[in-house]
Protein chains: 2
Amino acid sequence: MTAATPLVPPTTTADALGRSRTVLANEAWEAALTAHAVLMRRFAEEDVWHGLSMREYDVLYTLSKCERPQRIGELGRHVLLSQPALSRLVDRLVDRRLLTRCADPADARAAHISLTTAGRALQREVGLAHGAAVAQAMTTVLTDEELDLLRTLSLKLAQE
Amino acid sequence: MTAATPLVPPTTTADALGRSRTVLANEAWEAALTAHAVLMRRFAEEDVWHGLSMREYDVLYTLSKCERPQRIGELGRHVLLSQPALSRLVDRLVDRRLLTRCADPADARAAHISLTTAGRALQREVGLAHGAAVAQAMTTVLTDEELDLLRTLSLKLAQE
DNA sequence: CGTTGATAGATGCAAACGCATATAATTGCC
DNA sequence: GGCAATTATATGCGTTTGCATCTATCAACG
């Protein structure tokens, strides 16, 4: 038994990186928040919105991916907005003839929301231009592998 | 020259994954947005905020990382909020004795914002509990390597 | 059936937000 | 030094938001 035998405990990955697991998590979250803010700001100032707010577009986009009409509650799961705020946002889009509310024969409480033809057309138009801006912003700094990795990590985070 | 020579163009990584680079970027962004929304909602409903909104905490946190007092404009770079909204948010926090405004001798336009003792104490208290919630949420679904990767990808996205 | 509790969505209201613009101070250029 | 352009922040105002609460409907159980 030599005095040179290393007696330090085996390092974890976090130790090897010089940070605790908690710090690692918080640094990752802070970086993600910053990236979110930077990109949201950049996308918001693109001239592609045709009078929609990003939240309004978010609702149109969510509906565009759905085959069947959605309830307010369902939409709420995809949009970071309180139920009353979402309810009124839908009101406004209905007033603008971009959405329709129709009754559910099986549940009189529910409001089924769906895109009008105009709503779908507007979503497509905005989506095309916005999607191009998203691609532009992300592909200039990330490789294909990194984009795929970001998607994978994000899906893990979003899972319950 | 044989007829068996493959004449298809070399596949890119995106082709190999079966998606175009644009689609890849948009899928990554959508997943990131979803993760952001899911986690924000979860963090917001944690009972750690002591009467602060998350945006207000964001300002206290940003200031807590700075040695010197910051201008409104500097804070604005870190917070996803319009300049007037930030100006009034600071007003409210000053009214609550969590921040102080002091004049800049070299530039009478500028408002130097800094934490009061109470503001710093509140940030620490909230930060401790919130940081724990962040760590909890992220470490249960991501490994250390993945956390570090997320941080790296996010920093790349936020650059420029 | 009828009452109780849960669920979907709407509404009252005060607080907070964004846009446009005002105010005030600085910089640059003649 | 004086005037235009720019920068930093504040304010007016209409819109949107969140919280609390309300209404209406459904589900479940005696």
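Guide: A residue counts as near a strand if one of its heavy atoms lies within 4 Å of it. The model we are looking at is predicted.

Visitor: Of the atoms of DNA strand C within 4 Å of the protein, what percentage belongs to sugar or phosphate?

Guide: Happy to start there. The atoms of DNA strand C within 4 Å of the protein fall into two groups, with bases making up the rest once sugar and phosphate are counted. The share that belongs to sugar or phosphate is 64%.

Visitor: Which residue has a polar side-chain atom 2.6 Å from a base oxygen of DNA strand C?

Guide: Let's set the backbone contacts aside. Gly73(A) has a polar backbone atom 2.9 Å from a phosphate oxygen of the strand, and Ala111(A) has one at 3.2 Å from a phosphate oxygen. The base oxygen is instead reached by a side chain, that of Arg88(A).

Visitor: How many of the residues near DNA strand C are charged?

Guide: There are 22 residues around this strand. Nonpolar residues account for nine and polar ones for four. The charged residues number nine.

Visitor: Turning to DNA strand D, how far is a phosphate oxygen from an N or O atom in the side chain of Ser87(B)?

Guide: Good one! Ser87(B) is among the residues that come nearest to DNA strand D, as is Arg101(B). For the side chain of Arg101(B), an N or O atom is 2.5 Å from a phosphate oxygen. For the side chain of Ser87(B), the distance is 2.3 Å.

Notes:
Residues are numbered from 1 along each chain as its sequence is written. Chains are lettered from A and ligands numbered from 1 in the order in which they are written. This is a predicted model: local features need pLDDT of at least 70, side-chain atom pairs count only at pLDDT 80 or more; totals for chains, interfaces and linings use all residues. Side-chain values use heavy atoms; hydrogens and water are left out. A polar contact is a pair of N or O atoms within 3.5 Å; within protein, one must be able to donate a hydrogen and the other to accept it, and residues adjacent in sequence count only if both atoms are side-chain atoms. Ala, Val, Leu, Ile, Met, Phe, Trp, Tyr, Cys and Pro count as nonpolar, Asp, Glu, Lys and Arg as charged, and the others, Gly among them, as polar.
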